[in-house]
Amino acid sequence: MATEVKLPRLGQGMEAGTIVKWLKAEGDRVERGDPLYELDTEKVTQEVEAEASGVLLKIAVQSGEVPVGQTVAVIGEAGEAVPDPGGARHRDERVTPASKEAKSSGSEVAVAGARHHDRSGASRQQANGGRIKASPLARRIARERGIDLGGLSGTGPDGRIVAEDVERAQAAPAAPAALPAGDVESIPLTTVRRTIARRLTAAWEVPVFELVVSADMTRANALVARARELDPDVRVTVTDVLAKLAALALVRHPEVNVQFADDAILRFPRANIGIAAAAPQGLVVPVVHGADELSLTELATRRAEVIGRARENRLRQEDIDGGTFTISNLGMYGVEQFVAVLNPPQAAILAVGATQDRAVVVDGDVVVRPMLTLTLTVDHRAVDGAPAADFLRTLKSFLEEPGLAL
Amino acid sequence: MPELSYREAVRDTLAAAMRADDDVFVMGEDIAEMGGSMGVTQGLFDEFGPERVRNTPISEMAIVGAGIGAAMQGMRPVVEIMYEDFLTLSMEQLVNQAAKHRYMSGGQLKVPLTIRTQGGAGWSPGAQHAQQLEAWFVHVPGLKVAFPSTPADARGILWSAIYDDNPVIVFEHRLLYPIKEQVPEKIEPIPLGKARIVQEGTDVTVIAIGPLVHRSVAAAKEAAEDGISVEIVDPRTLQPLDVETLVASVKKTNRAVVAHEAVTRGGFGAEVAAVLQAEAFDWLDAPIERVGAKFAPLAFAPAMEQFVIPQPADVLAAIRKTVGRGD
Amino acid sequence: MLQNVHSFRVAKVEKRRALSDERLRGFLREMLLIRRFEEKVEERFRAGELPGFLHVAIGQEAVAVGVCNAMEDGDVFASTHRAHAHTLARGTHPNALMAELYGKLEGCSHGYGGSMHLYDVERGNLGANAVVGGGLPAIVGAGLAFKLRDEPRVAVAFFGDGATNTGTFHESLNLAELWKTRCVFVCENNEWAESTPGWQHSPVFDDMSKRAVAFDMRSIKVDGQDVEEVYDRAREALEHARSGEGPVFLDVETSRMHGHYIGDPQVYRSKEDRDEAAERDPIVLLRERLGVGDEDWDALETEVHEIVEASVEFAKSGTDPQPEDALKNIYA
């Protein structure tokens, strides 16, 4: 009995994926669990494993975007007749152009305990086959003002983009003039790039404020050095210390460890720290879950694992799901300080610059200390200035005196 | 301004028309000495006598057909069909005859016939005395259909129906008969095909007929407490339909609920929803919601009956759903 | 042979021949015109020129001519799906009728009705009705209006024996008698309800007057193949109704010489039955009675032929309605 290999849904809100390449050829023997093909989804590129054993009888879709649920291959016994996957063909033809247009989702947040967001949006979106769900009025306004619905997240039932969502969005700049002939290279958007664009555009709509603080990193640096000395196999970094101390500070200031969810503020008991990383396919934010409860070396180990997978373009869905706070560290590039754009639906992101020796005044004397400038961007809908400042003060004190975090 | 009940308003209009015009007469079952099974025609027999207030045998086909014949001779008969459930018995005469004589004659004939009938659930009459069948007649070219929801509308619309040169079926609702309101001293005819904005609002338009107008007002009050501003429009005439007013309202609020006591499936609300999506598609910010009876005959036991027919809470739920606050 | 009264109400019948031969010749001419007109309709239908569903009254012309000539100006009637004869007999011009059958604006229903929905309100034709029994209630209503306004007018309903089994028939006769509306109910009993013989559809098929008995309605039996007889009895019935004494049921026995509809192969009907019907051809009977010789007959045929041919010419050169005219005349 042949088994149709259908494109799986690998995350909340996933409607389609792009098959990058097949790891098996037609006629190859496959065992259940063998990596079958590489799939580029909105968030990650990953290998999809075979769900059945047998011979790969047919590859129905060699590459390109495919809606969830469509048959992409058939596994069966050698010589077995291949069922016609034509049932999916019609749907495919209908769906593909629309899914190329853009994607919408108000519900791709997948934080443990935050399923609230989802309602039945994901399955509906799936049934939509990638079409943006927007009301006729929202479509008309978007059309008239040149706004790309793909960049919006809907607040209507089942994540539908309604007029209010469009009204909130800024009109997109007028369509660019035709590309000048010659040198300009047009790089088609990858799924990940498109997701980044959409999510950051959505983040731009959120009212935020920024708080800046500098910390004396003398003791934190000593802690890093000591940890490396104790366990040379695990290369603990400043980022790990920052993640660990931020996690502990978040647990002390749960009013910052939150998300804004339209009709509620979601507050999380644990701190899952996302660490922004540059991966080949673009910006990704792998998550170290339960950072508040991990030891520094455990945290560093986990961080190394997920960042490693990110660099290899092998992130798993669970690697990117569930963050409650993000750290973006550009210190290694010598950036002194910067402002990060929120990583929705999280309410706060910490932008970390380079540690630099600066002259500071301590007890009336000018001294040179390794100073680090931190900028916290906060969703003002969810968090007020005072608690955010309080959190930042705690974080600063932890960095300057890690023992206080105990 | 006098205060009249819905029942008195209908009676007042019949009497006024009969006083004004010898061509107007009423006929129906039990309408003379008894004054009608709903008491609408009480007193008319005493004033106008047996020739103009005609008690009929239980013969819905013949009563309606006789109305057609008299109307084609230029009279303006008003036929009462005791329960709209019994319109089924006169269906052939209404659909094949009344609706089509003008057409089939190439415009030679007019059928200025008024059919008054009533129905509606909410008092446990069971499955054969409580239906709302107005949608069937909206489906028939040549018929006009009205469903006034208040005493003032009942007067103005019935008057216009009597003086319309086409067959007009006027639906009344049993539970509306006792409701009272101030009405103009003199009957002011309400043109058939003119909707009434019951209350203005900005967030959602509820298009309701008959008893659902009142249930929608109740629902709108609750919605207001929630910060939702509801506009209620009563088409009053179902055919012809005041598309312009309905569409204008929906273009303003961008959301619509249609509500009637008849079953939702194939109901008048389906027609309204279709018209709205065609005329105001690009103004809709949410799917149009329909409120109506569940797809079941009307049960006798009150608990079952109440379950089947739409309540204010159903209208409220539909309102909330259109503004994205449904559960 | 003639039983003019039913058992318990004796109608006053004068056995007289009041009509002049000239008047009867006029009837003969009308009947022949109807016959040749309908034969032409059959021919044109078979030639594919006429759309729709058509029924001819060949064999029943005496009923139409007798009753319609007995009616006065201002009287109204409702006809049936077999309406050409009534319409022509009541004075609608053959051109207007033929034009209607061709679906032209010049037709008596302006192309909106067709063979089964012939109207001519000016001549009292309130409509041929394609629903068996469908026209009766309105005739009661028209008769009621005449009564309420005290107008000396009568409303006449034509219908066949098949209609006596419909609910409208019973409700209408009951109401008419109850209210003494000014109506005459003309039952054209040709003993066929479409393909169903009388004995299969009615327990009183051979004496339809019994239907009227149930409503205590005055009933008169008539030989429908004798135009003079039909005229006399119809006159009597109309006068009775006009006087306000109550409606009358005219129980007319007649013969349908052709099928139910044009093209009906009549597989359900024996040759004997058809032959029998042909033997009672009212036109032949009247010609014999009047002793019309061949020369006169040929002249009559020629005259009628020209009228019928002219009606076809008129109809064919008539105006086709615009498709969007279909949206007119729905409401007054």
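How many salt bridges does the structure hold over all chains? The count is 68. Please keep in mind that this is a predicted model. Here are my points, starting with one chain and then moving to the interfaces and the individual pairs.

1. A first look at chain A. The chain has ten helices and 19 strands. Of its 406 residues, 52% are buried. Its contacts reach far along the sequence: taking those between residues at least 6 apart, 63% join residues at least 24 apart. The accessible surface of chain A comes to about 18800 Å², and carbon and sulfur atoms account for 52% of that surface.

2. Where chain B meets chain A. Ten residues from chain B and eleven residues from chain A take part in this contact. The area buried between the two chains is about 810 Å², with 53% given by carbon and sulfur atoms. On the side of chain B, you may want to look at D282(B), D285(B) and G324(B), which lose the most area to chain A and together make up 55% of what that side buries.

3. Polar links between chain B and chain A. One salt bridge is found across this interface. D282(B) pairs with R143(A) in a salt bridge, and the closest N and O atoms are 3.5 Å apart. Five residue pairs are in polar contact between these chains. Sorted by class, the side of chain B that touches chain A has five nonpolar, two polar and three charged residues.

4. Where chain C meets chain B. Here 39 residues of chain C are in contact with 45 residues of chain B. About 3400 Å² is buried between them, and carbon and sulfur atoms give 60% of this area.

5. Polar links between chain C and chain B. Two salt bridges cross this interface. One of them joins D23(B) to R149(C), with the closest N and O atoms 3.0 Å apart. The interface also has 21 residue pairs in polar contact. On the side of chain C, the elements that give two or more residues are α5 (136-148) and α6 (167-179). The largest share, nine residues, comes from α5(C). By class, the side of chain C that touches chain B has 21 nonpolar, twelve polar and six charged residues.

6. Two salt bridges within chain A. E401(A) and R219(A) meet through their side chains at 2.9 Å, N to O. This pair links distant parts of the chain, 182 residues apart: E401(A) lies in the segment after α10 (385-400), and R219(A) lies in helix α6 (residues 218-230). E401(A) counts as partly exposed because its relative accessibility is 32%, and R219(A) is partly exposed too, at 46%. In a second pair, R381(A) and D379(A) form a salt bridge at 2.9 Å, N to O. R381(A) is partly exposed, with a relative accessible area of 38%, whereas D379(A) is buried, at 1%.

7. A helix-to-helix pair in chain B. The side chains of E47(B) and R19(B) form a salt bridge at 2.7 Å, N to O. E47(B) sits in helix α2 (residues 44-52) and R19(B) in helix α1 (residues 6-20), 28 residues apart. E47(B) is partly exposed, with a relative accessible area of 42%, while R19(B), at 53%, counts as exposed.

8. A network in chain C. Which residues are linked here in a network of salt bridges? They are K40(C), E43(C), R44(C), E49(C), E309(C) and K316(C).

Conventions:
Residues are numbered from 1 along each chain as its sequence is written. Chains are lettered from A and ligands numbered from 1 in the order in which they are written. This is a predicted model: local features need pLDDT of at least 70, side-chain atom pairs count only at pLDDT 80 or more; totals for chains, interfaces and linings use all residues. Side-chain values use heavy atoms; hydrogens and water are left out. Helices (H or I, at least four residues) and strands (E, at least two) are DSSP runs, numbered from the N terminus. Buried means under 20% relative accessible area, exposed over 50%, partly exposed in between (1.4 Å probe, protein chains only). Contact means heavy atoms within 4.5 Å. Accessible areas come from the Shrake-Rupley method with a 1.4 Å probe; for residues, only the protein chains shown count as cover. Buried area is the accessible area (1.4 Å probe) that two parts lose on being put together, summed over both. A salt bridge is a side-chain nitrogen of Lys or Arg within 4 Å of a carboxyl oxygen of Asp or Glu. A polar contact is a pair of N or O atoms within 3.5 Å; within protein, one must be able to donate a hydrogen and the other to accept it, and residues adjacent in sequence count only if both atoms are side-chain atoms. Ala, Val, Leu, Ile, Met, Phe, Trp, Tyr, Cys and Pro count as nonpolar, Asp, Glu, Lys and Arg as charged, and the others, Gly among them, as polar.
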